[in-house]
Amino acid sequence: MPKIFITRRIPEAGIQKLQAKGYEVVISPEDRVLRKEEVLEALQGQNYDAVLCLLTDKIDGDILDAAGKQCKIFANLAVGFDNVDLKAAEERRIAITNTPGVLTNTVAEHTFALMLAIAHRVCEADRFTRGGHYEGWAPMLLLGNDLSGKTIGIVGLGRIGSRVAYHAVKGFDAKVIYYDVARNEEFEKEYGAIYKANVEDVLHEADFVSIHVPLLDSTRHLMNAERFRMMKPTAYLVNTSRGPIVDEAALVKALKSGVIRGAALDVFENEPALASGLVECENVILTPHIASATEETRSAMAELAADNIIAALEGQAPPNLVKKK
Ligand code: NAD
């Protein structure tokens, strides 16, 4: 009977799918991120056929070796796979999969939750009201900005970026400009999005800059001090992609000195740590990497990860195989 190791408890739907196949499913008893030594210890000598891992697990050659020669797949419960050494997996002929698509809508929704909340100062206003400072309606109290009709700059018009662009156009009559290494002329025609040949042109013009590129060597610190200065002083930055794409220390300086008006972040450069000074900024909203965290979507992600494992163990190509480019 195939044996599967899951590095932390995930939604039941995924576990049940694996168990329905008659697989033995072992789940780490600790509901926390395992340290590398703990993952090594959990895997060594256990002859697992598959591992279901999370974006918080760093999957390197040592971990892949510990899984053993019979292990066919590490199924990552995330669309991003920057936590996995793809070259090491390829060398060991272990398949790596992710969970794209099923979380697109949810992450796009969370991006809007952040965009609207920062522009309408929702969290600041909540703190103000709870703090007992509300003394009645006032014409100049907590003035924010509209999203409708504004220019939304999308960096990375992939699955999530294009869904955000769709909502911006359809729901908010916004103008969408975007930069991506791959131009999408079909999307431009359908939604009136405007392609910019470089990220700088997006930054100069956008009222909201929303980041949706994967974390790669080419995107690490894509948003740095120089690029914040290219943004309008009235603009907002939203990042629901990966933390290290933004130079967080530079962002704190930009927020404190008024280089940009505000930011909303779901991901952080050194999670779960936050850059010094970030929490003191009133003009920033911080959520703890929950952009895909709805009951519906986390269940769908768990099921998709299970589907990938089942395919690999049944000798088929897993539907969401990721490869080193
Ligand atoms: P995707 O692959 O569909 O889209 C990524 C887009 O970025 C592609 O269009 C690609 O061409 C473009 N791109 C790649 N490198 C680029 C570069 N250097 N400059 C400009 N564009 C570049 O991926 P997706 O499903 O839209 O997900 C995007 C990212 O969102 C994931 O890689 C993941 O890191 C992140 N994510 C975060 C959460 C969260 O919980 N906060 C949830 C899901 C996904």
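Begin the tour at the boundary between the two domains of this predicted model, where the area buried between domain 1 and domain 2 comes to about 560 Å², with carbon and sulfur atoms giving 44% of that area. Now select D82, G101 and T297, which in domain 1 lose the most area to domain 2 and together account for 63% of what that side buries. To colour the two parts, use residues 3–101 together with 295–313 for domain 1, and residues 104–286 for domain 2. With both coloured, the contact can be counted as eight residues of domain 1 against five residues of domain 2, while the C-alpha centres of domain 1 and domain 2 lie 32 Å apart.

**A helix pair: helix 1 and helix 12**

Next, select residues 12–20, which form helix 1, and residues 295–313, which form helix 12; their axes are 7 Å apart and the helices pack at an angle of about 25°. Because angles under 35 degrees count as roughly parallel, helix 1 is described as roughly parallel to helix 12. Show the side chains of A13, G14, K17 and L18 on helix 1, and on helix 12 those of S299, A302, E303, A306, D307, I309 and I310, since these are the residues that make the contact. Coloured by class, the contact of helix 1 with helix 12 resolves into six nonpolar, two polar and three charged residues. Looking along the contact, one finds that helix 1 and helix 12 cross in a right-handed sense.

**A second pair: helix 5 and helix 7**

Move to residues 104–119, helix 5, and residues 159–172, helix 7, whose axes come within 9 Å and cross at roughly 55°. Helix 5 and helix 7 are therefore oblique to each other, and the crossing of helix 5 past helix 7 is right-handed. From helix 5, the residues to display are T104, N105, V107, A108, T111, F112, M115 and L116, and from helix 7 they are R159, I160, R163, V164, H167, A168 and F172, which together make the contact. By class, the residues in this contact of helix 5 with helix 7 are nine nonpolar, four polar and two charged.

**Strand 7 and Y179**

Select Y179 next, which is found in strand 7, residues 175–179. Once neighbours within four places in sequence are left aside, the residues in contact with Y179 are I154, V155, G156, L157, K196, A197, N198, V199 and V202. For a sense of distance, draw a line from the C-alpha of Y179 to that of A75, a residue 104 positions away in sequence, and the separation in space is 30 Å.

**Helix 6, E124 and L142**

E124 has its place in helix 6, and, not counting residues up to four places away in sequence, E124 touches L142 and E282. Pick L142 from that pair and check its backbone, for L142 has a positive phi of about 50° although it is not a glycine; L142 lies in the loop between helix 6, residues 122–130, and strand 6, residues 151–155. Returning to E124, a line to I194, which is 70 residues away in sequence, spans 33 Å from C-alpha to C-alpha.

**Last stop: a cis peptide bond**

Which form does the peptide bond from E271 to P272 take, cis or trans? Zoom in on it to see that the bond is cis, with omega near 5°. P272 itself lies in the loop between strand 11, residues 262–265, and strand 12, residues 284–286.

Technical notes
Residues are numbered from 1 along each chain as its sequence is written. This is a predicted model: local features need pLDDT of at least 70, side-chain atom pairs count only at pLDDT 80 or more; totals for chains, interfaces and linings use all residues. Side-chain values use heavy atoms; hydrogens and water are left out. Axes are lines fitted to C-alpha atoms, for helices over the stretch in contact, and angles run from 0 to 180 degrees between N-to-C directions. Helices (H or I, at least four residues) and strands (E, at least two) are DSSP runs, numbered from the N terminus. Angles under 35 degrees count as roughly parallel, over 145 as roughly antiparallel, 65 to 115 as roughly perpendicular and the rest as oblique. A crossing is left-handed if the near helix is turned anticlockwise from the far one by less than a right angle, and right-handed if clockwise. Contact means heavy atoms within 4.5 Å. Ala, Val, Leu, Ile, Met, Phe, Trp, Tyr, Cys and Pro count as nonpolar, Asp, Glu, Lys and Arg as charged, and the others, Gly among them, as polar. Domain bounds come from an automatic or database domain assignment. Buried area is the accessible area (1.4 Å probe) that two parts lose on being put together, summed over both.
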